[in-house]
Structure formats: C-alpha cells, structure tokens
Amino acid sequence: MTFKEFKKELNGNRVEGELIKTVFYSLLTSFIVLGILYSLKFRFIEDFMSTKGYFLFFAALSYSLFVPTIRQVRAYREFACMAGMMIGMTLGMIGGFLSGFFVASTNGMFIGSVFGMFVGMSLGIWNGKCCGIMGIMEGMMAGFMGGLMGAMTAFMLFNDHLIASMVIVFLISSVILVSLNYLIYREMKLEERKLKEDHLRTFVISFVLIILTAWLMVYGPRSGVFG
Amino acid sequence: MKTKTIIFAMIILVLIVGSFVFVNGKKETANVSSNGGQVIQGQTQQVILSQDGYNYEDAVADAGKPISLSADSSVGGCLRSVVFNVEGKKYSKYLKTPKDTLDLPALSKGTYSFSCSMGMGFGKIVVK
C-alpha cells in the first residue's frame with residue numbers, strides 16, 4: 001500500500017515529486033559535459049569508447065541516481081538514528097562501490113579504490129550526518145569498505161565479463177537506491193519538508209563527479225598493467 | 001513538465017547515448033587485445049609460461065620476433081589470466097587451456113614484466 005502511495009507521490013508536491021526531474025537534470029548535465037569533452041578531446045584518443053566510454057556512460061547513469069537521494073535527504077534534514085544510519089550506509093557503500101568499480105576498470109586497483117573511498121566516504125558522511133555521529137560513522141565505514149570492494153571486484157573481473165558485470169552491479173545498485181528513496185519516504189511521510197532548494201546543487205554535484213571521473217580515467221595515474 | 005514526459009525523455013536520452021557508446025565501442029579494437037592479426041606467420045616464436053611458487057618462472061624470448069604466449073598446465077588459478085603492458089598498450093587474455101595463446105608484438109631487447117589480471121602473481125620475459 002505504501003509503495004503505491006510512494007509511486008503516486010512521484011507526481012506529487014513533496015520532495016519525492018522532484019526525484020525524477022532531478023535524475024533527468026543530472027543525466028542531462030553529465031551527458032552534455034561528456035559530449036563536449038568527447039567532441040573536443042576524447043574522440044582523438046585511440047580506443048576511447050571500448051576502454052573508457054562504457055565506464056563513463058555507466059558512471060553518468062550512477063551519479064544520476066545519487067543526486068536525487070541527496071536532495072531527498074537534504075529536504076528533511078533530520079532523521080531518526082536508524083534511518084540516518086541506513087542513509088549513510090547505503091549512499092556510502094553504493095557511492096564508493098560504483099565509483100571505485102568504474103575507475104578501477106580503467107586505471108587499476110589503487111587509484112580506483114582511492115577514488116571509490118573518497119566518493120563513498122564523502123557521500124556517506126555528508127548524508128549520514130542527518131542523524132548525527134552514528135550516521136557519520138556509518139557513512140564513513142561504508143564508504144571505506146565500498147570503495148575498496150568496488151575497485152577490487154573490477155580488477156578481479158578484468159578478464160571475465162567485466163562489462164556484463166558492470167551492468168549487473170549497476171542494476172542491483174539502482175534497485176537499492178530506489179529502495180532507499182522509498183525508505184526515506186516511509187520514514188518521513190508525516191513530516192514537513194524543511195528545505196526547499198532549486199536544482200543548482202543537482203547540476204554542480206553531477207558536474208563535479210563526472211568531471212573528476214572523466215579526468216581520472218583519461219589523465220589520471222594508472223597501475224602498471226594499464227599502461 | 002509532467003513526470004511521464006520526463007521519464008519518456010530520459011529513456012530516449014539514455015537510449016541515444018547508450019547506443020552511441022556501444023556501437024562505437026564495438027567498432028574499435030578493445031583494449032583487451034589478443035587478436036592474431038599482428039603476428040606474421042613463420043616468424044612467430046612460442047613462449048610457454050610456467051608457474052614458480054606464487055609467481056611465474058622467468059621466460060626468455062628473441063628480440064624482433066612476434067611472440068605467441070601460452071601457459072603450461074603448471075600454471076593455475078588467476079595466473080592463467082595474463083596481462084602485459086607493452087609501450088602503453090595492454091595485452092591480456094585468459095589462457096584457459098595450454099593450447100590458448102596470447103599474441104604479443106615483436107619486442108626489442110630488455111626485460112618486460114607482467115602480472116596476472118588480479119595483480120597477485122608476477123613474472124618477466126627477458127628479450128635477448
């Protein structure tokens with residue numbers, strides 16, 4: 001019953017009604033940035049699409065799922081401990097895992113895990129702080145573990161259906177993130193929205209994440225086997 | 001904009017960008033390369049890798065001849081998945097059986113290190 005309400009709310013006036021629009025704006029930002037970079041620079045790089053294009057495409061899709069969750073969390077500002085810990089953990093883990101996975105697929109395990117931990121822990125701490133120190137710690141730990149795990153998984157799957165694994169990992173992560181949106185709605189459906197903001201933050205977060213990822217993949221340091 | 005319109009626009013956008021990426025990606029030679037196109041018949045030298053503890057035994061090859069690399073039955077686990085970085089280009093293949101080969105270009109004199117795809121086992125080819 002509540003999920004039906006959630007689906008209905010995706011067209012409503014609460015923050016949930018802005019989630020799909022946020023995904024769209026984030027995707028648009030990332031694709032425009034990637035399109036400009038591709039036409040100016042990346043298309044001259046040998047084997048760009050097969051070595052980096054797939055991963056950048058899925059990175060853009062993944063980031064477009066983080067941003068609406070950040071917006072939803074910010075809209076309610078304060079959560080109960082359990083919900084806050086779930087938010088910190090989910091965003092930290094999925095954020096770290098996916099970004100680590102994508103970068104490790106092109107640059108090797110070291111730089112992949114460093115980037116994964118950076119993104120995962122940043123997202124985990126930022127969103128986990130909605131419930132205080134417990135959420136912050138949970139986000140930090142999940143980002144730390146997710147970043148390492150994502151990079152390691154990509155590196156281990158290097159010669160064994162890496163692209164197919166990436167699609168599967170992305171699909172599972174999407175389901176988890178949508179479930180988190182639902183969890184937040186369930187927890188907060190009786191609460192009033194505390195922060196109303198425009199989409200500037202959506203553009204900025206998407207821009208920063210996709211630029212960082214693209215820069216690392218193309219110009220960033222690599223481990224020995226990646227040349 | 002209505003939610004349904006946004007979802008429709010989003011799907012179209014993802015399909016267009018996705019098909020561009022996948023169609024162009026398939027046209028190019030993948031980074032994981034092991035095609036026999038660059039090996040000249042009659043000049044290819046066979047190099048067989050063996051396992052030594054947790055690493056590969058050092059192998060020896062002649063300079064200026066393309067290499068057809070295989071791994072004998074002593075090589076197990078992730079060490080059967082070999083990754084080379086030769087002049088910034090990655091050569092990699094899972095050598096499932098001793099008959100599977102990874103084709104490398106002709107190398108100049110020197111020592112070339114390589115690893116398994118998990119970065120756990122290491123080895124080197126000394127080109128003389």
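**Helix crossing, chain interface and exposure in a two-chain predicted model**

Me: What crossing angle do helix 2 and helix 3 of chain A make, and how is it defined?
Reply: The axes of helix 2 (residues 19-40) and helix 3 (residues 48-76) of chain A cross at roughly 145 degrees and come within 8 Å. Axes are lines fitted to C-alpha atoms, for helices over the stretch in contact, and the angle between N-to-C directions can run from 0 to 180 degrees. This is a predicted model: local features need pLDDT of at least 70, side-chain atom pairs count only at pLDDT 80 or more, and totals for chains, interfaces and linings use all residues. Residues are numbered from 1 along each chain as its sequence is written, while chains are lettered from A and ligands numbered from 1 in the order in which they are written.

Me: Which hand does the crossing of helix 2 and helix 3 of chain A have?
Reply: The crossing is right-handed. The term is used if the near helix is turned clockwise from the far one by less than a right angle; anticlockwise would be left-handed.

Me: Which residues make the contact between these two helices?
Reply: Helix 2 of chain A brings residues including A:Leu19, A:Val23, A:Leu27, A:Phe31 and A:Leu34. From helix 3 of chain A come, among them, A:Leu56, A:Tyr63, A:Leu65, A:Val67 and A:Arg71. Contact here requires C-beta atoms, placed from the backbone, within 7 Å.

Me: How many residues of each class does that contact hold?
Reply: There are 11 nonpolar, 5 polar and 1 charged. Ala, Val, Leu, Ile, Met, Phe, Trp, Tyr, Cys and Pro count as nonpolar; Asp, Glu, Lys and Arg as charged; the others, Gly among them, as polar.

Me: What secondary structure does chain A have?
Reply: Chain A has 8 helices and 0 strands. Both terms refer to DSSP runs, numbered from the N terminus: H or I over at least four residues for a helix, E over at least two for a strand.

Me: Why does the radius of gyration of chain A agree with a compact globule?
Reply: The rule is 2.2 Å times the number of residues to the power 0.38, with the radius taken over C-alpha atoms. For 227 residues, that puts a compact globule near 17 Å, and chain A has 17 Å, so the two agree. Its C-alpha atoms fill a box of roughly 55 × 35 × 30 Å along the principal axes.

Me: What share of chain A is buried?
Reply: Buried residues make up 56% of its 227 residues. A residue is buried with 20 or more other C-beta atoms within 10 Å of its own, exposed with 12 or fewer, and partly exposed in between; C-beta atoms are placed from the backbone.

Me: Why is A:Asp47 called partly exposed?
Reply: A:Asp47 has 16 other C-beta atoms within 10 Å, so the count falls between the two cut-offs. The residue sits in the loop between helix 2 and helix 3 of chain A.

Me: What makes the phi of A:Asp47 notable?
Reply: Phi is near 55 degrees, a positive value in a residue other than glycine. Most residues other than glycine have a negative phi.

Me: Where is A:Arg77, and what is its phi?
Reply: A:Arg77 lies in the loop between helix 3 and helix 4 (81-107) of chain A. Its phi is also positive, near 65 degrees. With 13 C-beta neighbours inside 10 Å, A:Arg77 counts as partly exposed.

Me: Why is A:Trp126 not called buried?
Reply: A:Trp126 has 19 C-beta neighbours inside 10 Å; buried needs 20 or more, so partly exposed is the term. This residue belongs to helix 5 (residues 109-128) of chain A.

Me: How many helices and strands does chain B have?
Reply: Chain B has 1 helix and 10 strands. Along the sequence, the helix is followed by the strands: α-β-β-β-β-β-β-β-β-β-β. Buried residues account for 23% of its 128 residues.

Me: Where are the domains of chain B, and how do you know?
Reply: Domain 1 covers 1-30 and domain 2 covers 36-127. The bounds come from an automatic or database domain assignment. The C-alpha centres of the two domains lie 38 Å apart.

Me: Which part of chain B gives the most to the side that touches chain A?
Reply: In total, 29 residues of chain B are in contact with 25 residues of chain A. Helix 1 (3-27), strand 6 (81-86) and strand 7 (89-94) of chain B each supply at least two residues of that side of chain B. Helix 1 gives the most, with 11 residues. By class, this side of chain B has 12 nonpolar, 13 polar and 4 charged residues.

Me: Why is B:Ala106 called partly exposed?
Reply: B:Ala106 has 18 other C-beta atoms within 10 Å, which means neither the buried nor the exposed cut-off is met. B:Ala106 is in the loop between strand 8 (102-104) and strand 9 (110-116) of chain B. Leaving out residues up to four places away in sequence, B:Ala106 touches B:Gly64, B:Lys65 and B:Pro66.
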